[in-house]
Amino acid sequence: MSPDMIRAAAEGDVPEGIDLFIPPLYDIFWGAVMFVALFLIFWKYVLPSLKTTLEARSDGIEKKLEQAEEDRNEARALLEQYREQLAEARSEAAKIRADAQSDRQSILAEARAEAQEAAAAVTERAQAQLAAEAAQVRATLSRDVGRLAVELAEKVVGDSLDQQRVSGTVDRFIADLETATADGTTR
């Protein structure tokens with residue numbers, strides 16, 4: 001209970017009904033004066049600093065939004081640059097793979113050609129060696145057959161024979177034999 005109501009109650013002037021909720025005029029006056037004083041103080045001192053603070057905060061938020069927009073644009077540019085570099089790297093990798101594949105094919109072809117040349121050279125040397133050995137065997141065989149034939153003929157005749165004549169006869173016989181053998185193998 002307020003002191004005014006206690007004083008009014010003591011004086012016997014106690015409000016009743018709706019008057020209980022209506023304050024006295026002096027309360028309304030001083031309340032209005034205090035409200036105006038507080039409103040002026042708030043208007044004069046608090047509101048400008050509050051307004052300055054809000055403006056500063058608004059400016060800060062706008063700057064941060066602008067910075068965020070710049071960062072986002074920069075990030076997009078970097079992302080685009082990254083994608084371009086990635087595409088270039090992939091293209092270059094594909095080109096390097098294609099070049100390597102081409103190099104591998106050419107190296108393989110060269111190696112294959114070298115191997116074929118080496119094999120042909122080895123085969124040619126082997127055939128030459130075989131031909132030389134065959135000629136040597138043929139000569140040795142011809143000489144041995146001729147000698148054996150002369151010895152056999154000398155034993156049959158019982159006299160020595162002319163070596164040149166016998167050698168020519170043996171050579172013709174061996175040549176005829178080789179011709180007959182070659183014809184027999186080709187048939």
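## A greasy patch on the surface

Leu-38, Ile-41, Phe-42, Tyr-45, Val-46, Leu-50 and Leu-54 together make a nonpolar surface patch of about 690 Å². Keep in mind that this is a predicted model.

Take Phe-42 as one member of that patch. Phe-42 sits in helix 2, which spans residues 25–157. Its relative accessibility is 37%, so Phe-42 counts as partly exposed.

## The second largest pocket

Now for a pocket. The second largest one holds about 170 Å³ of space. Its lining includes Ala-134, Val-137, Arg-138 and Leu-141, along with Phe-173, Ile-174 and Glu-178.

Which helices supply at least two residues each to this lining? Those are helix 2 and helix 3 (163–186). Helix 2 gives the largest share, with six residues. By character, the lining splits into seven nonpolar residues, one polar and two charged.

## Salt bridges along helix 2

The count of salt bridges comes to three. One joins the side chains of Arg-72 and Glu-69, at 2.6 Å from N to O. The two residues are three apart in helix 2, about one turn. Arg-72 is partly exposed because its relative accessibility is 43%, and Glu-69 also counts as partly exposed, at 33%.

Further along, Asp-144, Arg-147 and Glu-151 are linked in a salt-bridge network. Arg-147 pairs with Asp-144, their closest N and O atoms being 3.8 Å apart, and Glu-151 pairs with Arg-147 at 3.4 Å. Within helix 2, Asp-144 lies three residues from Arg-147, while Glu-151 lies four residues from Arg-147. As for exposure, Arg-147 has a relative accessible area of 45%, so it is partly exposed.

Key:
Residues are numbered from 1 along each chain as its sequence is written. This is a predicted model: local features need pLDDT of at least 70, side-chain atom pairs count only at pLDDT 80 or more; totals for chains, interfaces and linings use all residues. Side-chain values use heavy atoms; hydrogens and water are left out. Patches are made of residues with over 30% relative accessible area and no salt bridge: like charges are joined within 9 Å, nonpolar side chains (Val, Leu, Ile, Met, Phe, Trp, Tyr) within 5 Å. Accessible areas come from the Shrake-Rupley method with a 1.4 Å probe; for residues, only the protein chains shown count as cover. A salt bridge is a side-chain nitrogen of Lys or Arg within 4 Å of a carboxyl oxygen of Asp or Glu. Buried means under 20% relative accessible area, exposed over 50%, partly exposed in between (1.4 Å probe, protein chains only). On a 1 Å grid over the protein atoms alone, a cavity is a set of points where a 1.4 Å probe fits but cannot get out, and a pocket is an open set with protein on both sides within 12 Å along at least five of seven lines; lining residues have an atom within 4 Å of a point. Grid points are joined across faces, edges and corners, and a volume is the space filled by probe spheres set on the points. Ala, Val, Leu, Ile, Met, Phe, Trp, Tyr, Cys and Pro count as nonpolar, Asp, Glu, Lys and Arg as charged, and the others, Gly among them, as polar.
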